[in-house]
Amino acid sequence: MAVERRTFLKRARNVSLGVAVGGCLPWVSGCAGVPYADFRRSGNVLRVPRAAFATSPGVLLNFPDEGMPIYVHRHGEGRYSAVLTRCTHQGCQVDPDQDRIRCPCHGSEYSLDGRVLQGPAERSLTRYAISVEGDEILVEVG
Ligand code: FES
């Protein structure tokens, strides 16, 4: 079925705005190819299976409470960090990459555990307490 020119242009504009404002299209796939992981919520704790890190050192958690995903990174055996993917400069969604987290809006860069490496952002990403319990990673969001 052919798409009308007007419809095509409207969709193209929306995709461009999505990339410009949000930096990535998380509903298409995770930012920079980072996969989303399933988790189970119990109160203020998000329980992520350790198996989620079998094929990727980092996963995104869909967390509607904050309006942006949480990025959980495995730094090594038993060492994890969890940060909100909202840039502390002006609120764009940041993109986890192989060695850092980048903001597509004005170029801020963060370490994989959320510390500022390069401005204009001056504050770390929001970090969550994280622990390991058996086969699960526990992210405290309360
Ligand atoms: S919103 Fe991220 S650097 Fe400006």
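**Figure 1. The two faces of strand β2 in this predicted model.** Strand β2 covers residues 45-49. One face of β2 is covered, and L46 and V48 belong to it. The other face is uncovered and carries V45, R47 and P49. Why do the names switch from face to face along a strand? In a regular strand, side chains alternate between the two faces of the sheet.

**Figure 2. The hairpin of β1 and β2.** Strand β1 spans residues 40-42. It pairs with β2 in the antiparallel sense, over three bridges. One bridge to look for joins R41 to L46 in β2. Two residues lie between the strands of this hairpin. In the turn, G43 has a positive phi of about 65 degrees.

**Figure 3. Strand β2 beside strand β11.** Strand β11 holds residues 136-140. It runs antiparallel to β2, and five bridges join the two strands. Which residue of β11 is the bridge partner of R47? It is L138. V48 has its own bridge partner in β11, namely I137. Now compare the faces. R47 sits on the uncovered face of β2, and L138 is on the uncovered face of β11. V48 is on the covered face of β2, and I137 is on the covered face of β11.

**Figure 4. Strand β11 and its hairpin with β10.** The covered face of β11 shows I137 and V139. Its uncovered face shows E136, L138 and E140. Strand β10 spans residues 127-133. Five bridges join β10 to β11, and the two run antiparallel. E133 stands opposite E136 in β11. The hairpin has two residues between its strands. There, G134 takes a positive phi near 60 degrees.

**Figure 5. V141, in the segment after β11.** Is V141 buried, partly exposed or exposed? V141 counts as partly exposed because it has 18 C-beta neighbours inside 10 Å, while a buried residue needs 20 or more. Leaving aside residues up to four places away in sequence, V141 touches N44, L46, D65 and Y128. L46 is on the covered face of β2. A82 lies 59 residues from V141 along the chain. The C-alpha atoms of V141 and A82 are separated by 9.8 Å.

**Figure 6. The open sheet of seven strands.** Trace the order β1-β2-β11-β10-β5-β4-β3, with antiparallel pairing. Which strands stand at the edges? They are β1 and β3 (58-61). Each has a single partner strand, so one side of each is left without a neighbour in the sheet. From one strand to the next, the twist averages 25 degrees. What holds such strands side by side? Strands of a sheet pair through backbone hydrogen bonds, either parallel or antiparallel.

**Figure 7. The open sheet of four strands.** Here the order is β6-β7-β8-β9, and the pairing is antiparallel. The edge strands are β6 (95-96) and β9 (116-118), and each pairs on one side only. Strand β7 covers residues 101-102. Two bridges link β6 and β7 in the antiparallel sense. In one of these views, find P96 and its bridge partner in β7, I101.

**Figure 8. Confidence along the chain.** The chain averages a pLDDT of 82, and 77% of the residues score at least 70. Where is confidence lowest, and where is it highest? It is lowest in helix α1 (residues 5-22), with a mean of 40. It is highest in strand β8 (residues 109-110), at 98. Over residues 1-30 the pLDDT is below 50. Beyond near neighbours in sequence, this stretch has 23 contacts in the model. Where pLDDT is low, the predicted coordinates should not be read in detail.

**Figure 9. The chain as a whole.** The chain has one helix and 11 strands. From the N terminus, the elements run α-β-β-β-β-β-β-β-β-β-β-β. Of the 142 residues, 30% count as buried. Among contacts with a separation of 6 or more, 42% come from residues 24 or more positions apart.

Technical notes. Residues are numbered from 1 along each chain as its sequence is written. This is a predicted model: local features need pLDDT of at least 70, side-chain atom pairs count only at pLDDT 80 or more; totals for chains, interfaces and linings use all residues. A residue is buried if 20 or more other C-beta atoms lie within 10 Å of its own, exposed if 12 or fewer, and partly exposed in between; C-beta atoms are placed from the backbone. Two strands pair if DSSP finds at least two bridges between them. pLDDT is the predictor's confidence in each residue, from 0 to 100. Two residues are in contact if their C-beta atoms, placed from the backbone, lie within 7 Å. Axes are lines fitted to C-alpha atoms, for helices over the stretch in contact, and angles run from 0 to 180 degrees between N-to-C directions.
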